[in-house]
Amino acid sequence: MHIPKHPFPMETVFRTCFLATFAMESDVLARLLPSPIKPDVHNGEAFLSIVISDLHDMRPTFIPRGLGFNFSQIVYRAIVRVNGERGVHFLRSEADNQLMCFAGNLFSFFHFNYAGISNARKNGAHHVSVVSKGGVADINAAYDISKATFEPPASSVFKSMEEAKHFCAELYVAFSTL
């Protein structure tokens with residue numbers, strides 16, 4: 001079941017956006033999901049993604065540019081299926097703007113939490129640091145983007161980047177339960 005919560009369309013500019021996707025056993029991911037939401041499985045694996053983004057002017061489309069929120073956001077999302085339809089389920093999100101956390105929880109299913117976030121490029125790498133309340137969603141990572149490839153590694157369950165993109169990124173429905 002998906003219940004729309006976004007009462008109006010939103011607009012933003014993504015200054016940076018990374019999608020780090022991790023394969024896992026489907027029964028492990030299933031324990032994190034409310035019924036009737038189930039992991040979507042590809043070649044025997046379930047997937048959890050972390051979206052690392054820096055957003056500029058996030059706002060409802062009827063609000064003029066320049067009056068939106070500027071913030072960094074980390075989204076932990078499961079790739080799921082409900083009654084044959086594919087989409088995502090947001091397990092939690094971190095944002096470094098308290099007002100965005102409040103508004104995001106009021107008008108979305110992102111499950112925002114306020115956290116200290118550093119999200120910047122330095123010496124050919126993208127560094128991400130998240131300090132969450134209680135340490136439950138902390139991240140300290142550096143991604144070497146100077147050597148980025150556009151094909152999955154040999155160990156991947158995906159045969160091509162196009163297949164990975166279709167399965168992991170091109171998802172337009174968010175599922176939640178009340």
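**Strand pairing and buried positions in the predicted model**

Strands β4 and β5 form a hairpin with 2 residues between them. Asn 83 sits in the turn and has a positive phi of about 50 degrees. The structure is a predicted model. In it, β4 and β5 run antiparallel and are joined by 10 bridges. Within this pairing, Ile 74 stands opposite Glu 94 in β5.

Strand β4 spans residues 69–82. It also pairs with β3, again in the antiparallel sense, through 9 bridges. Here Ile 52 stands opposite Ile 74 in β4. Ile 74 thus appears in two pairings: opposite Ile 52 and opposite Glu 94. A further 2 bridges join β4 to β2, with the strands antiparallel. Lys 38 has Arg 81 in β4 as its bridge partner. Strand β4 is mostly covered, with 11 of its 14 residues buried.

Val 75 belongs to β4. Its relative accessible area is 2%, so Val 75 counts as buried, the cut-off being under 20%. Beyond its neighbours within four places in sequence, Val 75 is in contact with Ser 49, Ile 50 and Val 51. The contacts of Val 75 also include Phe 90, Arg 92, Ser 93 and Phe 110. His 111 lies 36 residues from Val 75 in sequence, with a C-alpha to C-alpha separation of 9.0 Å.

Asp 40 lies in the loop between β2 (38–39) and β3 (46–60). Is this loop residue buried or exposed? Asp 40 counts as buried, because its relative accessibility is 4%. Leaving aside neighbours within four places in sequence, Asp 40 is in contact with Glu 45, Ala 46 and Phe 47. Asp 40 also touches Ile 79, Val 80, Arg 81, Arg 86 and Phe 167. Of these, Ile 79 is 39 residues away along the chain, yet its C-alpha atom is 5.8 Å from that of Asp 40. Arg 81 is thus a contact of Asp 40 and the bridge partner of Lys 38.

The pairing continues past β5. Strand β5 (residues 85–95) and strand β6 (residues 112–122) pair in the parallel sense over 3 bridges. Ser 93 stands opposite Phe 112 in β6. Ser 93 is also among the contacts of Val 75. Strand β6 then pairs with strand β7 (residues 125–132) in the antiparallel sense over 8 bridges. The bridge partner of Ser 118 in β7 is Ser 129. These two strands form a hairpin with 2 residues between them. In that hairpin, Asn 123 takes a positive phi near 55 degrees.

At the level of the whole protein, there are 3 helices and 8 strands. Along the sequence they follow the pattern β-α-β-β-β-β-α-β-β-β-α. The radius of gyration is 17 Å, close to the 16 Å that the globule rule gives for 178 residues, so the protein is as compact as a globular protein of that length. The C-alpha atoms fill a box of roughly 45 × 45 × 35 Å along the principal axes. Of the 178 residues, 41% count as buried. Among contacts between residues at least 6 apart in sequence, 56% join residues at least 24 apart.

The accessible surface comes to about 10,100 Å². Carbon and sulfur atoms account for 58% of this area. The protein carries 16 positive and 16 negative charges, and their mean positions are 4 Å apart.

Methods:
Residues are numbered from 1 along each chain as its sequence is written. This is a predicted model: local features need pLDDT of at least 70, side-chain atom pairs count only at pLDDT 80 or more; totals for chains, interfaces and linings use all residues. Side-chain values use heavy atoms; hydrogens and water are left out. Helices (H or I, at least four residues) and strands (E, at least two) are DSSP runs, numbered from the N terminus. The radius of gyration is taken over C-alpha atoms; the globule rule is 2.2 Å times the number of residues to the power 0.38. Buried means under 20% relative accessible area, exposed over 50%, partly exposed in between (1.4 Å probe, protein chains only). Contact means heavy atoms within 4.5 Å. Accessible areas come from the Shrake-Rupley method with a 1.4 Å probe; for residues, only the protein chains shown count as cover. Lys and Arg count as positive and Asp and Glu as negative; His and the chain ends are not counted. The place of a charge is taken as NZ of Lys, CZ of Arg, CG of Asp or CD of Glu. Two strands pair if DSSP finds at least two bridges between them.
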